[in-house]
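Colleague: I am new to this structure and would like to learn how to read its features one at a time. Could you take me through them slowly, with the general idea before each case?

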Amino acid sequence: MANTQRSYLTCIRNTLEAAMCLQNFPCQEVERHNKPEVELKTSPELLLNPVLICRNEAEKCLIETSINSIRISIKVKQTNELENILTKRFLRFLSMRAEAFQVLRRKPVQGYDISFLVTNYHCEDMHKHKLIDFIVQFMEDIDKEINELKLSVNTRGKLVATEFLKQFL
Amino acid sequence: MSAIEVHQFAQCITCHAWSPDQTMVAFCPNNTEVHIYNKSSQGKWERVHILQKHDQIVSGIDWSARSNKIVTVSHDRNSYVWNQEASEWVPTLVILRLNRAALCVKWSPKENKFAVGSGAKTVCICYYEQDNNWWVSKLIRKKHSSSVTSVAWHPNNILLATTSTDGKCRIFSTFIKGVDSRESLSSSSLDMKFGEQIVQLDLSFSWAFGVKWSPSGNTLAYVGHNSMIYFVDDVGPSPSAQSVAFNGLPLRDVLFVSERMLVGVGFDCKPMVFAADERGIWNFVRLLDQRKLAPSGTKYGSQISEAFGKFYGQSKSTVSNDAVEPSRSHGGVHENCINSIVPLKIVDGGVKLQLFRTLWKSGSLGFGKPTRIFFMILGCVGKIVPDLH
């Protein structure tokens, strides 16, 4: 199980290293503007083919690149209803604070749980390999966090139920 | 066989150019200004001038060798030609007539014209009008279907090669009546009308950058974003092309060291050398900036953590046993993408290469001889950015 996760993350890391070759590119449509082309999609020649990396039906990662920006969308494994709710709430919590993360997108792309938008300005300010490390580490940590949250919810539920039912003993 | 001299100018450099006597360098530190640094006799770099006229980032600088003029173009659709009067640089107006950002600029070999590639899918060829003391432009409007990323002049001052984000490399004639003389094209049978497309090369299926002519003008080289470099010989009615694929991330710019040797720079942060053998077949030779990587601390950490479990918690990547191998920095002079490479001087049989400016580090000054790869690279090392979390 750990092996498939490792090869999944290695595959994502290699793809990101190849895809994160960004440069400053002024907008062709509007003068004096500079926009992330992957969000705009007005000039198809500036976009590269998107790559979809699937670990299984439930977990996948979509990487869309353009000349000055890259968008990484992740779908996290959710096996039951509880995990569904926990993932949605937790990732929404993070996305609302997207400014603190800088590379996070406020809303995930349709069909995915969370999205990153990395532009050439991020690559100028930060090391490219550190950005990739961050994203891969994030994916690893999400799984652990959701598991921990699930455990704590179940534990708390048991505690509360025990305490409540004691009064009927 | 490479000597490297490293100097940090700024955190991020967009473009740069050397002065004719190689003592001064002009560059744009990723903002709206152009800084000119002078190398004093003690070997220290001091800032001598700041040219402030543009409203947006300066995307191209070229310093003419004989007439000592600097031309700058910017994303704000403007361009200025700077002349040195006494100790000040004075800008001259350039009527560019662009409605989108300008991306690159190059002086022609005779320095009576310069070419500007733009995001408006046009190329402007500018020449000087004495009566009004300004530079006027003629536009090559048709043919390009996307932004023009790079321009290069043929030694005959008439032919211009351009690359574009539509993946094609095109060669145009830029003959201007009154500026160019007819003798320069008398030997060839090429069409002389301004804006005539001579050849369109469709070798790359991804964006094309960094076009350069060889010193004699016989060979043309440009790179594609698909990690390939294309060499075209005998440009004209029947060109012969070679595509060389290489390992690693795409290149951004190339430079001909001699007729048969070329240095490419790009996202891999290490310059690559390509050479042609006697039959004229080009091949990758070596990387320039090879340094032994000291065993990385994090890798050692993760081996220890496998043995001892979760005792090492300095950085998250060493904590988990199943951690995916973290990526390491390259350990070379440059820590981020190299934008461009410009020659410093051509000395007899040897060529002194020049600087690469990286998005992070400033320049590298390289000196090379075509017979042996003897380089002296002056580069800039930027500061280390702390971890994101």
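Modeller: Let us begin with the elements: helices, of at least four residues, and strands, of at least two, are DSSP runs, and they are numbered from the N terminus. Please keep in mind throughout that this is a predicted model. With that way of counting, B:N68 is placed in the loop of chain B that lies between β6 (58–63) and β7 (69–74).

Colleague: What is the value of phi at B:N68, and how exposed is this residue?

Modeller: Phi of B:N68 is near 55°, which is a positive value in a residue other than glycine. As for its surroundings, a residue from 20% to 50% in relative accessible area is called partly exposed, and B:N68 belongs there because its relative accessibility is 26%.

Colleague: In which loop is B:K143 found, and what is its phi?

Modeller: B:K143 sits in the loop of chain B between β13 (134–140) and β14 (148–153), and its phi, near 80°, is again a positive value in a residue that is not glycine. With a relative accessible area of 48%, B:K143 is also partly exposed.

Colleague: How many helices and strands does chain B have as a whole?

Modeller: Chain B contains 2 helices and 30 strands. Of its 389 residues, 58% count as buried, and its accessible surface comes to about 16500 Å², with 50% of that area belonging to carbon and sulfur atoms. If you consider the contacts in chain B between residues at least 6 apart in sequence, 45% of them join residues at least 24 apart.

Colleague: Could we take one residue inside a strand as an example? Is B:I171 buried or exposed?

Modeller: The cut-off for buried is under 20% relative accessible area, so B:I171, at 1% relative accessibility, counts as buried. This residue lies in strand β16 of chain B, which covers residues 169–173. When its neighbours within four places in sequence are left aside, the contacts of B:I171 include B:L159, B:L160 and B:A161, as well as B:I198, B:V199, B:W213 and B:V235. A distance in sequence can also be set beside a distance in space: B:I171 and B:G236 are 65 residues apart along the chain, while their C-alpha atoms are separated by 9.3 Å.

Colleague: Turning to the other chain, in what order do the elements of chain A run?

Modeller: Chain A has 6 helices and 4 strands, and from the N terminus on they follow the order α-α-β-β-β-α-α-β-α-α. The radius of gyration of chain A is 19 Å, well over the 15 Å that the globule rule gives for 169 residues, so chain A is more spread out than a compact globule. Its C-alpha trace spans about 75 × 35 × 25 Å along the principal axes. Buried residues make up 47% of chain A, and the chain exposes about 8900 Å², of which carbon and sulfur atoms supply 57%.

Colleague: How far apart in space are A:A2 and A:C21?

Modeller: From C-alpha to C-alpha, A:A2 and A:C21 are 30 Å apart, with their positions 19 residues apart in sequence. A:A2 has its place in helix α1 of chain A and, at 35% relative accessibility, counts as partly exposed.

Colleague: Finally, how does one look for empty space, and how many cavities of 30 Å³ or more are there?

Modeller: The general idea is that rolling a probe the size of a water molecule over the atoms shows where empty space is left. In this structure there are 2 cavities of 30 Å³ or more, and the largest has a volume of about 80 Å³. Its lining has 6 nonpolar, 1 polar and 5 charged residues, among them A:Y8, A:R55, A:E59 and A:M139. Three elements of chain A, namely α1 (2–19), β3 (69–75) and α6 (128–166), each supply at least two residues of that lining.

Colleague: Which residues line the second largest cavity?

Modeller: The second largest cavity, with about 40 Å³ of space, is lined by A:V76, A:K77, A:E83, A:D143, A:I146 and A:N147. The largest share of this lining, 3 residues, comes from α6(A), and by class the lining has 2 nonpolar, 1 polar and 3 charged residues. You can return to the largest cavity with this in mind, since A:V76, A:K77 and A:D143 are among its lining residues too.

Terms used: Residues are numbered from 1 along each chain as its sequence is written. Chains are lettered from A and ligands numbered from 1 in the order in which they are written. This is a predicted model: local features need pLDDT of at least 70, side-chain atom pairs count only at pLDDT 80 or more; totals for chains, interfaces and linings use all residues. Side-chain values use heavy atoms; hydrogens and water are left out. On a 1 Å grid over the protein atoms alone, a cavity is a set of points where a 1.4 Å probe fits but cannot get out, and a pocket is an open set with protein on both sides within 12 Å along at least five of seven lines; lining residues have an atom within 4 Å of a point. Grid points are joined across faces, edges and corners, and a volume is the space filled by probe spheres set on the points. Ala, Val, Leu, Ile, Met, Phe, Trp, Tyr, Cys and Pro count as nonpolar, Asp, Glu, Lys and Arg as charged, and the others, Gly among them, as polar. The radius of gyration is taken over C-alpha atoms; the globule rule is 2.2 Å times the number of residues to the power 0.38. Buried means under 20% relative accessible area, exposed over 50%, partly exposed in between (1.4 Å probe, protein chains only). Accessible areas come from the Shrake-Rupley method with a 1.4 Å probe; for residues, only the protein chains shown count as cover. Contact means heavy atoms within 4.5 Å.
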